Amino acid sequence: MTSLFALVDCNNFYCSVMRVFHPELNNVPVVVLSNNDGSIIARSNEAKALGLQMGQPFFEARPTIEKYNVVYFSSNYTLIGDMSARVHSTLARFTPNMEIYSIDEAFLDLGGFKGIDIPDYARTIRNTVRKWTGIPVSIGAAPTKTLAKLANRIAKKSEKANGVLVLTEAKHLEAALKRTDVGDVWGIGSRYATKLHSFGINNAWQLANVTDAFAKKHLTVVGLRLVKELRGEPCTDLEIEPPAKKGICSSRSFGQPVTTLNDLKEAVAVYASRCAYKLRQQKSACRVVTVFIHTNPFREREPQYYNTKTINLPVSSSSTIELVQYATMALEHIYRDGFAYKKAGVYITEIGPADGAQMNIFDRVDRSKHASLMLTLDQLNKSMGKGTVKVAAEGVSPIWEPKAEFSPPCYTTRIEDVLKVR
Amino acid sequence: MNTEILLPSETVSFVLLGRDTETKFPLFAARVPAGFPSPAEEHIEDRISLSSYLNGHPDATFYVRLEGDSMIDYNLLEGDLLVVDRSLHVRSGDIVLANVNSEYTVKKLEITETGVRLLPGNNKYKPIEITEDLEFLVWGVVRGVARRIRQ
């Protein structure tokens with residue numbers, strides 16, 4: 001295990017991405033909306049200062065947005081995804097080991113860098129990411145992941161830290177723990193925070209100093225690990241190879257209510273094919289496919305319907321063709337006429353390695369043919385662009401696609417969308 | 001040929017698909033060979049790639065489309081795709097993508113003892129003197145240009 005973990009976190013990532021391409025938005029309040037423009041999922045510091053909340057419905061926030069001329073965008077996950085890949089790939093140059101923790105966070109191994117001034121090095125990382133990608137990041141480094149997360153939080157908030165905080169000396173660690181509320185410790189949810197407050201444990205320093213027995217009793221084994229990490233004993237290492245996912249879900253709210261079985265079929269086919277693609281990316285296959293559909297629970301006056309169907313596959317599969325077929329069967333089983341559907345999804349479970357799949361004597365599917373077909377499909381879609389080849393069931397221009405009215409262009413992935421300059 | 005299988009009540013009964021159902025997916029009717037060994041395999045080199053020729057660091061490289069005629073003297077024409085590299089250290093004499101008062105502009109950057117100027121490549125336009133009251137940033141250095149002759 002490394003002796004020094006650094007957590008690099010992009011500041012207000014979605015908003016920062018917009019600012020890269022729109023420098024005029026610096027110092028202006030900016031928010032980014034979720035799929036379907038339903039709610040706020042990212043806020044610039046100026047937007048936070050106006051009291052706009054994470055997850056706040058757009059319609060509710062709209063008066064504030066209009067009053068203060070807050071600039072708002074739909075989320076463009078293609079653009080966000082590419083900018084995230086640029087940040088991660090830039091970070092990878094600075095460390096032998098890295099864990100991509102989320103779209104806008106990564107843990108870097110900065111242990112064993114002899115003769116290098118770590119705060120200086122961290123500032124170089126920060127400046128390079130900023131210069132190359134335009135994205136501002138904060139860096140917290142410490143002997144455990146939990147402490148690195150805590151350092152990062154302070155790095156982001158404290159003016160003095162200016163985006164970089166390295167905690168290795170005991171007195172600095174103590175001061176940092178003392179100024180962090182238990183509720184702000186990574187892994188302590190609001191329920192545990194309330195519980196800890198009732199025991200008089202208010203800051204992270206107090207939490208680090210409880211007995212092991214106390215931690216285990218009140219916070220379970222997971223909590224004990226967390227307490228140990230706060231004391232500087234690393235309990236979790238970098239996860240360099242992300243573990244194969246146990247369940248994969250693909251679902252979306254529709255841009256407009258969907259009433260016909262055909263439109264639902266198209267949506268479900270798209271979701272099933274996304275699941276199949278993800279399975280193939282991690283070289284897995286699944287045994288169980290679940291489909292769910294439901295109406296809009298917020299439209300109380302309209303008839304409501306929710307149902308889900310699970311199908312066990314005879315043989316594990318990652319073939320788009322097969323998963324689409326089974327998902328369609330499940331959908332046909334639960335679909336009822338006369339409802340305005342708001343959302344559908346496909347969930348796959350019982351995921352195992354693709355090559356360890358159990359055979360079935362009734363299996364009539366030519367598995368090697370499917371496998372080479374899928375390989376070709378993935379290669380075509382990779383080289384010619386996403387969605388170049390798909391199964392016919394996915395449809396061509398679906399009406400159910402989520403609406404994103406204020407979506408920014410795909411500046412970095414589509415040549416017709418690049419910035420126009422004079 | 002189809003085989004019916006009955007599953008526990010939690011799940012639906014379904015038909016295990018036989019070969020004949022594959023005709024439902026005409027897109028995939030063709031057989032795809034899984035690959036064959038080639039005598040040239042050991043001599044394969046990557047093909048010449050224009051993007052690796054034009055681009056610097058891929059993580060720091062962005063493309064923009066040039067409009068207008070302000071850079072014709074530098075052989076940059078309307079419709080050109082400019083390759084902008086953010087990782088390059090900015091030097092006087094570089095053609096840069098700058099942002100002046102919230103407007104993007106591609107110009108030649110001139111840094112002298114008397115100040116910073118953005119020079120157009122067309123005498124129809126005037127140089128832009130960068131004064132303190134302007135909001136100015138160099139977004140990236142134009143490293144290359146791609147142009148199609150035949151559309």
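**Exercise 1. A strand pair across two chains**

In this predicted model, find how β13(A) and strand β3 (residues 61–66) of chain B pair: parallel or antiparallel, and over how many bridges?

*Solution.* Start with the two strands themselves: β13(A) runs parallel to β3(B), and 3 bridges join them. Next, pick out one residue on each side: facing A:K420 in β3(B) is B:R65. Now widen the view to the whole sheet. This pair belongs to an open sheet of 8 strands, ordered β13(A)-β3(B)-β4(B)-β9(B)-β5(B)-β6(B)-β7(B)-β8(B), and its pairing is mixed. To finish, look at the two ends: β13 (419–421) of chain A and β8 (128–130) of chain B are the edge strands, each pairing on one side only. On average, and with direction ignored, neighbouring strands here are turned by 45 degrees against each other.

**Exercise 2. A sheet within chain A**

Which strands stand at the edges of the open sheet β3-β2-β4 in chain A, and what does that leave on one side of each?

*Solution.* First write down the order: 3 strands, β3-β2-β4, make up this open sheet of chain A, with mixed pairing. Then count partners. β3 (40–43) and β4 (71–74) of chain A each have a single partner strand, so one side of each lacks a neighbour in the sheet. As for the turn between neighbouring strands, it averages 25 degrees, direction ignored.

Now zoom in on one pairing. Strand β2 (residues 30–33) of chain A joins β3(A) in the antiparallel sense, over 3 bridges. For a residue to click on, try A:V31, whose bridge partner in β3(A) is A:R43.

**Exercise 3. Two packed helices**

Describe how α6(A) and α10(A) pack: what is the angle, and how far apart are the axes?

*Solution.* A helix pair is described by two values, the angle between the axes and the distance between them. For helix α6 (residues 145–157) and helix α10 (residues 212–230), both of chain A, the angle is about 65 degrees and the axes are 7 Å apart. The next step is handedness: the crossing of α6(A) past α10(A) is right-handed. Then list the residues that meet: A:K145, A:T146 and A:L147 come from α6(A), while A:L226, A:E229 and A:L230 come from α10(A). Sorted by class, this contact has 3 nonpolar, 1 polar and 2 charged residues.

**Exercise 4. Domains of chain A**

Which domains does the assignment give for chain A?

*Solution.* Read off the ranges: domain 1 covers 5–10 + 87–230, domain 2 covers 13–79, and domain 3 covers 248–394. Then place two of them in space: 32 Å separates the C-alpha centres of domain 2 and domain 3 of chain A.

Key
Residues are numbered from 1 along each chain as its sequence is written. Chains are lettered from A and ligands numbered from 1 in the order in which they are written. This is a predicted model: local features need pLDDT of at least 70, side-chain atom pairs count only at pLDDT 80 or more; totals for chains, interfaces and linings use all residues. Axes are lines fitted to C-alpha atoms, for helices over the stretch in contact, and angles run from 0 to 180 degrees between N-to-C directions. Helices (H or I, at least four residues) and strands (E, at least two) are DSSP runs, numbered from the N terminus. A crossing is left-handed if the near helix is turned anticlockwise from the far one by less than a right angle, and right-handed if clockwise. Two residues are in contact if their C-beta atoms, placed from the backbone, lie within 7 Å. Ala, Val, Leu, Ile, Met, Phe, Trp, Tyr, Cys and Pro count as nonpolar, Asp, Glu, Lys and Arg as charged, and the others, Gly among them, as polar. Two strands pair if DSSP finds at least two bridges between them. Domain bounds come from an automatic or database domain assignment.
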